[in-house]
Amino acid sequence: MSYSNPEVQAAQAALEQRFESMEDKRSILRAPELAALYDRLKTLPAGEARANFGKEVNQLKLELEKKVREAQASDVKVEPLDVTAPMDINASMPELLSAENGSCHPLMSEMDEILNIFYRMGFGVVESRELDDDYHMFTSLNFPADHPARDEYDTFVTDEGLIAPAHTSTMQNRVLKEYKPKLEQGQPIAVVIPGRVFRNEDLDARHEHTFYQLEGVYVGKDVHAGNLAATIRAWLSNYYGRDIDIKIQPFYFPFTEPSFEFAAGCPFCDQKGCNVCSYTGWIELGGCGMIHPSVLREAGIEASTYSGFAWGFGIDRLVMLKYDIEDVRHFESANLKFLRQF
Amino acid sequence: MKVSLNWVKEFTEASMPIDQLVAKIGAQLGAVDDVVNLGERYKDAVIVKVIASEKHPDADKLSVCLIDDNNKVQDVERNSDGLVQVVCGAPNVHADMLAVWLPPKSVVPATAAKDPFTLEAREIRGVVSNGMLASAQELGIGDDHTGIVDISETGEVGASFAQTYALDDYIIDIENKMFTHRPDCFGMLGIAREIAGICNQPFVSPDWYRQDVNIQTPVSESLPLAVSNGASQQVSRFTAVTMSNITVGPSPLKLQTYLSRVGVKPINNVVDVTNYVTWLSGQPLHAYDYDKLKALSGQAALGTRISKDGEELRIIGGKTIKLRDGAVVITSGDKVVGLGGVMGGADTEVDENTKNIVLECASFDMNLTRKTSMEYGLFTDAATRFTKGQSPLQNLAVLCRAVEEIGKLAGGKLAGPVQDIHSDLPQPTPVFAETSFINSRLGLSLTDADIDKLLGNVEFKVSDSEGKRTVTPPFWRTDIALPEDIVEEVGRLYGYEHLPLNLPQRSVEPPEVDKQLAFKTTIRSVLSAAGANEVLTYSFVNGSLLDKVGQAKEAAFHIKNALSPALQYYRISLMPSLLEKVHPNIKNGFDKFALFEMGKGHIKKHLKDGELPNEMNILALAYADSTKSADGAAYYQAKRYLDYLAQAISAGGLIYEPLPPELDFAIVKPFEPQRSALVKTADGNMLGIIGEFKTDVARSLKLPARAAGFELDLSVLANAQSMKAYYPLNKYPETIQDITLRMASGTTYAAAEKVLSEALMTIGTEQGYIYQLKPLGIFQKPEDKDYKQLTWRIALSHPDKTLTTEEVNSIFGMLESSAKEKFNGSRV
């Protein structure tokens with residue numbers, strides 16, 4: 001690059017020479033010579049001379065920036081490795097980290113424990129999707145298009161109209177269809193669906209946009225709402241290792257009729273009232289209900305012959321209650337101070 | 001839905017203690033968010049008579065008043081006549097008026113909920129004021145703070161203000177979503193009926209609330225109105241009537257307190273009546289200024305149609321919204337005067353000068369109302385109600401009720417016939433619901449009579465026709481269509497606490513285990529036992545993270561409505577999320593760790609109609625070491641983890657191949673090709689990638705000098721598992737000897753090892769030798785970079801004999817010559 005202005009020429013020569021010997025190549029951009037040129041520019045009267053001078057100074061700066069970039073790129077000498085070797089040259093065999101620092105994520109450990117209970121209760125397991133379509137998330141669950149019940153679900157939507165499921169019920173239609181042949185051979189459908197679900201809401205200590213849910217589905221002949229309550233109670237009692245009282249209260253979901261919310265008698269205070277249950281003796285855990293006949297029919301199951309129930313609850317909440325965790329955001333923080341406590 | 005208990009009690013007894021009632025509502029109607037004891041807030045407010053009001057000696061705008069409270073309040077300073085002195089700043093205070101007094105030590109009601117302000121006797125400019133005379137704003141019953149509340153109706157001096165105005169009330173806030181399907185529960189009448197029902201009390205709707213109302217036609221049509229319903233598909237019923245001789249003014253305090261109890265601001269008598277009737281019945285109404293309507297369009301007309309792009313409407317409050325195609329609008333001639341079901345227009349609003357009005361009571365499609373409300377961000381009480389599907393069969397009753405109230409409170413007279421445009425209105429459909437069916441779904445054994453009573457209490461009709469139990473819902477229940485709906489009704493009214501807690505029948509066939517989940521559990525325990533930490537990170541990433549690791553954003557599913565920019569894209573692979581978590585942990589004081597996660601990756605591709613993207617199950621592990629003491633490249637540390645994992649799950653013999661330079665997979669983008677490998681299973685299936693990271697990736701994510709990781713397809717890994725191989729324990733001793741081979745630096749470890757292990761395998765198969773080959777070290781002299789030395793430790797044995805020295809030497813000699821022959825290796 002050549003410059004017509006003698007001042008710029010002089011600066012260029014000086015800087016280029018210094019650049020070669022520099023340790024920190026980036027510092028060339030802070031050189032006094034360059035700053036002096038800009039200061040000089042300010043003193044020039046407006047006009048063609050000033051414009052030309054400015055152009056050359058900028059040109060010089062760009063040239064230096066390019067040199068810095070090139071130097072940084074070549075600075076990195078990437079040595080190829082023998083990728084098949086078990087260890088580096090002149091190095092010892094790498095060791096694994098100490099077992100005492102290892103940890104499993106508390107949500108995943110809890111999920112394993114809960115699934116184990118459901119296995120023992122006779123429930124199969126089907127994992128939920130993380131990206132699904134409107135049909136499975138809403139339509140197959142008796143939410144017509146534009147139905148106001150959709151307002152309760154702030155879903156993430158992709159450009160293609162795909163949905164980040166807001167509940168594991170997004171798998172219900174698939175599960176019902178898959179197990180329908182067995183049902184018709186006299187085998188009730190008993191499946192739990194664990195999965196990661198999403199709500200498009202702002203984060204705070206009590207709200208996460210990402211959390212884990214577990215859904216249960218049971219369909220057979222003459223299945224009634226009392227069976228539902230008993231199943232939830234049996235699971236909770238096993239989970240907490242003691243008899244747990246439960247109550248079911250009316251709620252509204254389009255995919256169940258009747259719909260309920262269920263609460264467990266607080267296992268931390270024998271329902272006497274404590275911090276955990278906000279002194280009510282009850283902990284609200286999730287939603288449930290008798291599967292709506294339209295949902296059964298959508299999966300090809302004869303709703304006059306079969307009936308069933310479904311329930312769902314959040315795993316994060318159970319874990320937070322269990323360990324008295326103060327902030328739901330810890331779960332997805334990958335913070336070792338948090339994780340290594342489990 | 002805010003429910004005023006006193007309002008409800010106008011229709012049903014509801015006499016049980018409040019705690020029990022709230023618990024019962026929660027158990028049999030819907031979850032209660034909050035209960036506010038209004039009575040507590042107003043307990044000290046007393047109705048007083050102002051006996052004298054004189055100008056304050058030292059302040060022009062203040063008056064010194066003497067008030068008579070009939071000696072109701074204790075511990076307050078009184079003059080010789082028993083009157084109390086209060087300083088008041090309101091311009092409207094005058095002798096002989098009735099006002100509301102907040103005595104010393106009482107809390108100003110409007111401040112009670114947030115930041116309670118307790119009054120006292122204190123001097124104002126040298127004159128003692130014992131508490132205060134209160135404005136509507138201070139009482140929390142309205143916005144007016146320009147003057148004190150003037151109780152124009154008769155009030156008893158010394159009476160409790162709360163009792164006189166039914167403010168000794170409880171406000172029970174029931175979650176709106178409970179009533180997504182219950183339009184009737186958005187009015188006090190509906191709530192009262194349900195409370196009666198769950199208390200097993202029969203409820204009878206008041207006379208005015210029926211579908212066949214006859215409204216008297218006025219003698220003359222003094223205010224003609226042309227009513228039309230262009231959007232009849234979306235507006236199933238459009239009903240309007242004109243009224244003249246209106247005197248607009250503030251509503252009586254009594255009406256204002258009805259509204260303020262449920263959180264509605266009083267406006268004027270006409271608007272207040274429409275709101276009162278809305279909160280009573282659930283059916284919204286709207287009042288227009290007849291003369292403004294006529295002046296605006298040049299004709300006395302009211303109609304509906306679908307909006308057109310670019311039309312404008314100034315809504316109540318003054319904001320102008322630009323309309324798009326597809327909403328229902330209310331029109332007068334060619335002018336838009338309201339957004340149907342959502343909000344009225346400002347240009348036809350009823351104000352203090354209004355003399356004539358149009359009252360409209362319409363039925364808007366619930367789904368379209370929701371769409372419109374969301375589209376324009378207008379979430380009004382009317383929209384809340386219409387989106388639940390109000391019954392069009394109640395319009396006349398509600399309209400008549402409003403006409404009557406406006407007649408009483410604003411002097412209005414009917415000025416034209418009720419115009420009621422509708423096609424066939426759907427009547428409640430009878431539902432067949434056998435008692436046996438209801439019992440089978442609830443596990444109960446209710447009798448016909450039990451069910452008749454439960455349903456009859458809330459005005460359902462049950463009859464036996466042709467041997468079938470037929471349940472006919474009342475006209476306001478638009479939600480009842482299926483026998484299951486009757487099951488819900490009966491179960492709830494009866495009480496879910498009576499359900500029998502029997503576990504369902506189960507078969508003894510063992511349920512299927514989800515293999516993928518079981519496999520993840522195994523990996524979790526293997527890696528955590530090796531000191532690694534399982535993490536969970538979001539499925540969504542910021543676009544800037546994709547840029548940093550060189551993954552093309554076009555390959556990721558873009559989320560169009562994320563609240564936070566951190567959640568713009570579905571992640572393609574897991575490694576970028578893990579790398580993002582390395583630096584924060586180093587900053588937190590952890591200098592050496594391995595993070596791993598099992599999750600899903602999504603790569604965007606063109607999807608056929610109804611096709612869903614493939615969800616790849618991934619295991620990723622990132623190793624990071626910021627200590628200076630470590631020896632060797634981080635790559636080998638990651639490889640150590642992967643080899644250990646493969647061995648633990650018996651998926652051994654993984655193949656590591658240099659990255660082909662042309663490889664253009666998103667998953668390999670963060671990895672430095674010179675220091676990374678493709679990983680394949682022993683039978684050649686592509687498993688994933690392992691390696692160190694590109695310099696710019698390391699720099700932008702502030703990775704320590706030693707960082708490496710791997711990312712694998714979990715399903716491929718799961719399939720690579722095999723059964724553990726067992727070898728019988730040998731009773732003959734084992735001979736252990738090392739072998740060091742010098743070879744050209746370009747010879748890979750794997751190539752050299754392959755030669756040795758193949759040679760050993762041959763003597764194993766042919767002669768029965770048992771061997772173990774273990775790497776010990778790789779050495780290179782700094783001055784001799786062209787060559788390297790590899791050392792292995794070999795353990796040899798034979799199931800039938802003790803090995804002799806000659807035998808061992810000959811085997812090592814054989815290995816030596818193989819090395820010489822295959823890769824020109826020489827024994828050292």
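**Sheets, helices and a chain contact: how do we know?**

In this predicted model, chain B has an open sheet of 4 strands in the order β36-β37-β35-β38, with antiparallel pairing.

Q: Why is one side of β36 and of β38 in chain B left without a neighbour in the sheet?
A: β36 (770-779) and β38 (826-827) of chain B stand at the edges and have a single partner strand each, so one side of each has no neighbour in the sheet.

Q: How do you know that β36(B) and β37(B) pair, and how many bridges join them?
A: Strands pair if there are at least two bridges between them. Here 9 bridges join β36(B) to β37 (residues 787-797) of chain B, so the two strands meet the definition of a pair. One of the partnerships links Pro775(B) to Trp792(B) in β37(B).

Q: Which strands does helix α24 of chain B touch as it packs on this sheet?
A: Helix α24 (residues 805-823) touches β35 (735-744), β37 and β38 of chain B. Its direction makes about 20° with that of β35(B).

Q: Why are α23(B) and α24(B) called oblique to each other?
A: Let's set the angle against the cut-offs. The axes of α23 (residues 749-767) and α24 of chain B cross at roughly 135°. Over 145 degrees would count as roughly antiparallel, 65 to 115 as roughly perpendicular and under 35 as roughly parallel, with the rest oblique. The angle falls in none of the three named ranges, and the helices are therefore oblique to each other. Their axes come within 9 Å, and the crossing is right-handed.

Q: What makes up the contact of α23(B) with α24(B), by class?
A: By class, there are 11 nonpolar, 1 polar and 1 charged residues. Contributors from α23(B) include Val755(B), Leu756(B) and Ile763(B), while α24(B) supplies, among others, Met814(B), Ser818(B) and Lys822(B). Ser counts as polar and Lys as charged by definition, so Ser818(B) and Lys822(B) fit those two classes.

Q: How do you know that β24(B) and β25(B) pair, and how many bridges join them?
A: The same test works here: at least two bridges are needed. β24(B) and β25 (residues 468-472) of chain B are joined by 5 bridges and run antiparallel, so they count as paired. Asp464(B) has Arg469(B) as its bridge partner in β25(B).

Q: What area is buried between chain A and chain B?
A: About 10,200 Å² is buried, with 58% given by carbon and sulfur atoms. The contact takes 116 residues from chain A and 119 residues from chain B.

How values were computed:
Residues are numbered from 1 along each chain as its sequence is written. Chains are lettered from A and ligands numbered from 1 in the order in which they are written. This is a predicted model: local features need pLDDT of at least 70, side-chain atom pairs count only at pLDDT 80 or more; totals for chains, interfaces and linings use all residues. Side-chain values use heavy atoms; hydrogens and water are left out. Contact means heavy atoms within 4.5 Å. Axes are lines fitted to C-alpha atoms, for helices over the stretch in contact, and angles run from 0 to 180 degrees between N-to-C directions. A crossing is left-handed if the near helix is turned anticlockwise from the far one by less than a right angle, and right-handed if clockwise. Buried area is the accessible area (1.4 Å probe) that two parts lose on being put together, summed over both.
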